[in-house]
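Q: I've got a model open and would like to learn to read it from the overall layout down to single residues. Can we go through it together?

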Amino acid sequence: NEAIYEWVEYYNKRRYHESLNNLTPEDVYLGRGEEIQKQRQIIKEWTLNERCENYYRQKLQNNQIQTNNL
């Protein structure tokens, strides 16, 4: 019984389900899905902006190094 209880807890509270937009059944049942999706979108946008800034920062540094070596 304990093993079944632990598996059900894991399945409903900690395991993300692709069919539920990578939410847990508990998140969906309690209506937290929309807020979680909003937070994920904010994190995604922030991460993409950081990656873009890092890319251009690195590109600028490489151009400065090349210019200094001329």
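A: Sure, and keep in mind that this is a predicted model. Start with the order of elements: along the sequence, the chain runs α-α-α. That makes 3 helices and 0 strands.

Q: How does the radius of gyration of the chain compare with what the globule rule gives for 70 residues?

A: The idea is to set the value beside the one the rule gives for that chain length. Here the radius of gyration is 22 Å, well over the 11 Å from the globule rule, so the chain is more spread out than a compact globule. The spans along the principal axes go with that picture: the C-alpha trace covers about 75 × 25 × 15 Å.

Q: What share of the 70 residues is buried?

A: Buried here means under 20% relative accessible area. In this chain, buried residues account for 7% of the 70. As for the surface itself, the accessible area is about 6500 Å², and carbon and sulfur atoms contribute 52% of that.

Q: And the charges: how many side chains of each sign are there, and how far apart are the centres of the two sets?

A: Count each sign, then look at where each set is centred. The chain carries 10 positive and 11 negative side chains, with the two centres 7 Å apart.

Q: Let's zoom in. Where does Thr-24 lie, and is Thr-24 buried or exposed?

A: Place the residue among the elements, then check its accessibility. Thr-24 is in the loop between α1 (2-14) and α2 (25-29). Its relative accessibility is 2%, so Thr-24 counts as buried.

Q: Which residues is Thr-24 in contact with, leaving aside neighbours within four places in sequence?

A: Skipping those neighbours brings out what comes from the fold. For Thr-24 the list is Asn-12, Lys-13, Arg-14, Arg-15, Tyr-16 and His-17. There is also a polar contact between the side chains of Thr-24 and Asp-27, at 2.9 Å.

Q: What about backbone angles: what is the phi of Asn-21, and of Asn-22?

A: As background, most residues other than glycine have a negative phi. Asn-21 has a positive phi of about 60 degrees, though it isn't a glycine. Asn-22 also isn't a glycine, and its phi is positive at about 60 degrees.

Q: Where are Asn-21 and Asn-22 placed, and how exposed are they?

A: Asn-21 sits in the loop between α1 and α2, and Asn-22 is in the loop between α1 and α2 as well. With a relative accessible area of 55%, Asn-21 is exposed, while Asn-22, at 40%, is partly exposed.

Notes:
Residues numbered from 1 in each chain as written. Predicted model: local features only at pLDDT ≥ 70, side-chain atom pairs only at ≥ 80, totals over all residues. Heavy atoms only, no water. Helix = DSSP H or I, 4+ residues; strand = E, 2+ residues; numbered from the N terminus. Buried < 20%, exposed > 50% of the residue type's maximum accessible area, 1.4 Å probe, protein only. Polar contact = N/O pair within 3.5 Å; in protein donor to acceptor, adjacent residues only side chain to side chain. Contact = heavy atoms within 4.5 Å. Rg over C-alpha atoms; globule rule 2.2 N^0.38 Å. Areas by Shrake-Rupley, 256 points an atom, 1.4 Å probe, with all protein chains shown as cover. Lys, Arg positive; Asp, Glu negative; His and termini not counted. Charge placed at Lys NZ, Arg CZ, Asp CG, Glu CD.
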